[in-house]
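The following note concerns the cysteines and the charged side-chain pairs of the model shown below. It is set out as numbered points for a colleague's consideration.

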Amino acid sequence: MAASCKGFSVIAFYLILISTTAYGDVNFVEHIIDSQSYGNPSLVACDIDDDGDKDVVGAVMEAGDVVWWRNDGGYPISWQKFIIDDNVPITFSVYAEDINGDGHKDVLATAYYAGLVLWWKSSGQSPYTWTRYVIADNFDEAHEVYACDIDDDGDNDVLGASSALSRISLWLNEGGDPIQWTDYVIDYNFNTAKSARAADINGDGIKDIIGAAIYGHDVAWWHNDGGNPIIWTKYFIDPNFIGAHRVEAIDLDFDGDNDIVGAGCIGHEIAWWRNNGGDPITWTRQLLETGFINACVAMPGDIDGDGDIDVAATAQGANQVAWWENDGNDPITWTKYMIDNIMIRPWGLDLADLDGDLDLDVISGSSHMGCNQVKWYENAGTTGINDENHQIPAKSLYSYNSPNPFNQSTYIHFSLPARANVRINIYNPVGAQVSSTDIGILSAGSHKYPWNAGNLPTGIYFYSIRGTDISGTGKMLLLK
């Protein structure tokens with residue numbers, strides 16, 4: 001059925017200020033987005049109404065709803081709750097992306113026991129209305145949905161993970177009105193599949209697929225050969241990550257290739273896997289924590305604004321939302337800090353700048369039989385840097401950019417101690433690479449690299465300078 005946008009006068013509980021906590025270098029201020037949201041396994045921050053700030057889209061499992069909370073600004077932020085669809089039985093996963101190419105964010109979701117993969121077309125104007133379309137109707141225990149342009153044809157395709165079918169599937173967007181979908185099964189035997197995401201894993205410029213299987217205890221990736229039809233080749237990243245539940249791809253060590261961050265629900269672990277390159281690629285696992293009871297979701301991002309990638313995660317059994325600080329060394333040392341240790345059965349998690357202050361806030365929601373809350377934790381900045389925990393590696397370069405802040409263009413300055421083959425990568429605050437340039441071989445001495453931000457939005461960006469046995473990183477502020 002076509003979903004209507006209802007609840008237009010419903011105020012989503014005023015965003016009451018609850019408490020302030022200071023852990024490590026970061027203060028978090030806790031706010032309520034909604035205190036009557038019954039089971040929130042999936043939350044995604046995105047700008048639904050194109051007003052320049054981040055709203056929140058959510059799966060409400062027990063009510064069978066797909067909803068969005070509009071960010072109306074102010075301090076504390078006020079939120080309005082809108083129902084996209086109230087007939088999505090056991091809603092497990094949501095995602096937001098422009099599916100039909102009209103420039104507006106649409107919404108995708110799964111109905112777990114109904115075996116549905118759905119998308120809703122946004123009207124693109126207020127009052128927002130939503131038109132429901134079915135992508136798949138036999139995807140039993142549809143656990144996760146994700147969208148991106150897999151085949152590089154300019155439109156967004158859809159990935160899904162089915163637990164009952166132990167299947168990873170891809171639906172290619174063939175365009176048309178209504179959109180036609182071509183269904184491809186990536187893997188028929190991924191034991192109790194829970195997660196599917198896309199990223200270029202082997203550095204060939206083509207998006208591959210990564211996934212997690214909870215009872216297979218597998219983290220795997222499937223190589224995309226770029227053909228038509230695509231041929232997929234499966235490789236294991238880790239066949240012994242107990243209760244693998246969720247994975248994300250990110251270049252965590254700034255070496256130019258995508259690594260993996262994951263949550264193991266049965267093994268109670270948060271881990272990352274370093275992509276060591278090679279053919280086949282080899283992986284090195286480092287545990288951030290064991291004993292994080294029933295770990296659900298692990299999300300990477302620069303939480304403390306120091307230029308490296310930290311990790312936040314939820315643990316249902318421990319009633320915890322926490323984050324781990326990356327000290328930037330090699331090997332990385334991780335320090336855990338609590339964000340919330342009384343959130344009952346937290347599951348859904350995302351990182352985004354909700355209040356427009358150019359740092360990453362944390363969004364989380366309680367699961368079924370939880371406290372019925374969706375919260376956001378305002379990142380109120382650092383409490384000061386402890387030099388003992390922020391040692392500069394012996395082979396680190398001195399570098400800076402100027403001007404900083406900058407409008408459109410800046411220069412990255414660095415000094416090489418010896419001749420080196422240099423690459424410069426640029427990342428956004430959640431670690432997604434937005435630019436990569438192989439500079440080539442440079443002599444010892446001072447150099448500068450011009451970088452133009454193009455159409456990128458205002459915000460914090462990070463650069464990574466890599467060469468033989470040397471590295472440098474820094475933070476830049478783009479203001480437009």
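How many disulfides does the count come to?

1. The model is predicted, and the points below should be read accordingly. The count comes to 0 disulfides. Cys 371 illustrates this result: the nearest cysteine sulfur belongs to Cys 296 and is 13 Å away. Because a disulfide calls for two cysteine sulfur atoms within 2.5 Å, Cys 371 is in no disulfide.

2. The surroundings of two cysteines may be added. Cys 371 has a relative accessible area of 19% and is buried; the cut-off for that class is under 20%. Cys 46 also counts as buried, at 5% relative accessibility.

3. Turning to charged groups, side chains of opposite charge can pair when their charged atoms come close. In this model the count comes to 15 salt bridges. Three of these pairs are taken up in the points that follow, with the accessibility of each partner.

4. One salt bridge joins the side chains of Asp 72 and Arg 70, with an N to O distance of 2.8 Å. Asp 72 is partly exposed, at 35% relative accessibility, whereas Arg 70 is buried, at 15%.

5. A further salt bridge is formed by Asp 187 and Lys 234, whose closest N and O atoms are 2.9 Å apart. Asp 187 belongs to strand E14 (residues 181-187) and Lys 234 to strand E18 (residues 232-238), so this pair ties together parts that are 47 residues apart in sequence. The acidic partner, Asp 187, is buried at 8% relative accessibility, while Lys 234 is partly exposed, with a relative accessible area of 29%.

6. Which residues are linked with Arg 246 in a network of salt bridges? The network comprises Glu 144, Arg 197, Arg 246 and Glu 248. Within this group, Arg 246 and Glu 248 form a salt bridge in which the closest N and O atoms are 2.8 Å apart.

7. Are Arg 246 and Glu 248 buried or exposed? Arg 246 has a relative accessible area of 13% and is buried. Glu 248 counts as buried as well, at 12% relative accessibility. Both values fall in the buried class because each is under 20%.

8. In summary, the predicted model has 0 disulfides and 15 salt bridges. The pair Asp 187 and Lys 234 ties together strands E14 and E18, and Arg 246 and Glu 248 take part in a network of salt bridges with Glu 144 and Arg 197.

How values were computed
Residues are numbered from 1 along each chain as its sequence is written. This is a predicted model: local features need pLDDT of at least 70, side-chain atom pairs count only at pLDDT 80 or more; totals for chains, interfaces and linings use all residues. Side-chain values use heavy atoms; hydrogens and water are left out. Buried means under 20% relative accessible area, exposed over 50%, partly exposed in between (1.4 Å probe, protein chains only). A salt bridge is a side-chain nitrogen of Lys or Arg within 4 Å of a carboxyl oxygen of Asp or Glu. Helices (H or I, at least four residues) and strands (E, at least two) are DSSP runs, numbered from the N terminus.
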